[in-house]
2 protein chains.
Amino acid sequence: MNSEFVIAVHSLVLLAHRPDGMASSEEIATNVCTNPVRVRKVMSCLRKNGFVDTREGSGGGYRLSREPDNVTLADIYRALASGSLAPSWCSGDPESDCMVGSNMGNVMNAVFCGADQQLETYFESITIGRMLSSITATAKG
Amino acid sequence: MNSEFVIAVHSLVLLAHRPDGMASSEEIATNVCTNPVRVRKVMSCLRKNGFVDTREGSGGGYRLSREPDNVTLADIYRALASGSLAPSWCSGDPESDCMVGSNMGNVMNAVFCGADQQLETYFESITIGRMLSSITATAKG
DNA sequence: GATTACTGTAATAATATCAGTTACAGTTGA
DNA sequence: TCAACTGTAACTGATATTATTACAGTAATC
């Protein structure tokens, strides 16, 4: 899995946890354990997909623009990691004389498309709000 | 996804397609489009897990040792790609003062364990035999 | 028993991917 | 006008992936 997905999920949970729903790229980066530029790149993508609003300039940062319970991991997955399941490496060669070698690419592709959908369905069942609850429950228990 | 998984699946389908169920690492490598050493490494693992028999020496190679219809992709996944879904990159820091930052690792981990199981369930439904049928059907159609 | 054709595995090299850093233009609040 | 932000691009360094080389061990065949 794409690690940008992880950063995105973490960031959104953090925003959801903030009373005012806001944080700067630097705050997020510290919390996630990475650098602000990487966070900004991910958040920029989340903004384009309507998950957050950004405020540039002094005192700015990111704000969650949707209800935590209405944002599923599937939404995030689709926005920045869809199709990441299939390996970059492609098996076989369409020009091969062998029936197996020449068709494996397509068949493998179909397998991974299915896997991707399966994964998406699973992610559909998990929301940012639920992850936050899970964390607060763990912290209290 | 681990590309060794792809090589393994392709190799087993190829063996299942062979009338005598056999092929050498070089033949497989050519068909898969990679080098024989890589194939041998993957096959070595498949042998240890009981998917194939090997015959060393002249005229040797690999032979499928199970019924194609009884080998699921889940079996293969478990043997050499289990847990590969979670990114190497880990979010947050257990020592963090922030509740979110310090617990995200665990929660994220749980999410990916679930995803892994989901994937395994999906792979359970696909067999080497079915993939081969799918290829022969495509080739004929 | 020598030769040939294989597997098994380690070590190394080449390449590609990923993550961190620096730099700087643009924006906004004070 | 200054300070604190975002948005991006370019560069560097780290890490992971794939290919290559090398060689020991095994078995069939001449």
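1. A term to start with: a residue counts as buried under 20% relative accessible area, as exposed over 50%, and as partly exposed in between. By that rule Arg66(B), with a relative accessible area of 30%, is partly exposed. Please keep in mind throughout that this is a predicted model.

2. Let me stay with Arg66(B) for a moment, as its partner leads into helix H4 of chain B. Arg66(B) makes a salt bridge with Asp75(B), and the closest N and O atoms are 3.3 Å apart. Asp75(B) belongs to helix H4 of chain B, which covers residues 73–80. Is Asp75(B) buried or exposed? Its relative accessibility is 18%, and because buried means under 20%, Asp75(B) counts as buried. So this salt bridge pairs a partly exposed arginine with a buried aspartate.

3. Asp75(B) has a second salt-bridge partner, Arg78(B), with the closest N and O atoms 3.0 Å apart. The side chains of these two residues are also joined by a polar contact of 3.0 Å. Both residues sit in helix H4 of chain B, three residues apart, which is about one turn of the helix. Arg78(B), at 38% relative accessibility, counts as partly exposed.

4. What else does Asp75(B) touch, once its neighbours within four places in sequence are left aside? The contacts are Phe51(B), Arg66(B), Asn70(B) and Glu124(B). Arg66(B) in that list is the salt-bridge partner from point 2.

5. Arg78(B) carries the chain of charges onward. Its side chain meets that of Glu120(B) in a salt bridge, at 2.5 Å from N to O. Why is this pair worth a look when you follow the fold? Arg78(B) is in helix H4 of chain B and Glu120(B) in helix H5 of chain B, so the salt bridge ties together parts that are 42 residues apart in sequence. Glu120(B) has a relative accessible area of 17% and is buried.

6. For chain A, have a look at Arg66(A), Asp75(A), Arg78(A), Glu120(A) and Glu124(A), which are linked in a network of salt bridges. Over all chains, the structure holds 10 salt bridges.

7. Now to the place where the two protein chains meet. How many residues does each chain bring to the contact? Chain B gives 48 residues and chain A gives 48 residues. Between them, about 4100 Å² is buried, and carbon and sulfur atoms give 78% of that area. The rule finds zero salt bridges across this interface, while 12 residue pairs are in polar contact between chain B and chain A.

8. Which elements of chain B build its side of that interface? Those giving two or more residues are helix H1 (3–17), helix H2 (25–32), helix H5 (99–124) and helix H6 (128–140). H5(B) gives the most, with 16 residues. By class, the side of chain B that touches chain A has 31 nonpolar, 15 polar and two charged residues. H5(B) therefore appears twice in this note: as the top contributor here and as the home of Glu120(B), the partner of Arg78(B).

9. Turning to the nucleic acid, there are 23 residues around DNA strand C, and Thr34(A), Gly57(A), Ser25(B), Arg47(B) and Tyr62(B) come nearest. Of the atoms of DNA strand C within 4 Å of the protein, 65% belong to sugar or phosphate, and the rest to bases. The residues of this surface divide into four nonpolar, 12 polar and seven charged.

10. Three phosphate contacts of DNA strand C are easy to check on screen. Thr34(A) has a polar side-chain atom 2.6 Å from a phosphate oxygen of the strand. In chain B, a side-chain N or O atom of Ser44(B) is 2.9 Å from a phosphate oxygen, and a side-chain N or O atom of Tyr62(B) is also 2.9 Å from a phosphate oxygen.

11. Which elements supply at least two residues each to the surface near DNA strand C? They are helix H3 (36–48) of chain A, together with helix H3 (36–48), strand E2 (52–55) and strand E3 (61–64) of chain B. The largest share, five residues, comes from H3(B).

How values were computed
Residues numbered from 1 in each chain as written. Chains lettered and ligands numbered in written order. Predicted model: local features only at pLDDT ≥ 70, side-chain atom pairs only at ≥ 80, totals over all residues. Heavy atoms only, no water. Near = heavy atom within 4 Å. Polar contact = N/O pair within 3.5 Å; in protein donor to acceptor, adjacent residues only side chain to side chain. Helix = DSSP H or I, 4+ residues; strand = E, 2+ residues; numbered from the N terminus. Nonpolar A, V, L, I, M, F, W, Y, C, P; charged D, E, K, R; others polar. Contact = heavy atoms within 4.5 Å. Buried area = accessible area lost by both parts, 1.4 Å probe. Salt bridge = Lys/Arg side-chain N within 4 Å of Asp/Glu carboxyl O. Buried < 20%, exposed > 50% of the residue type's maximum accessible area, 1.4 Å probe, protein only.
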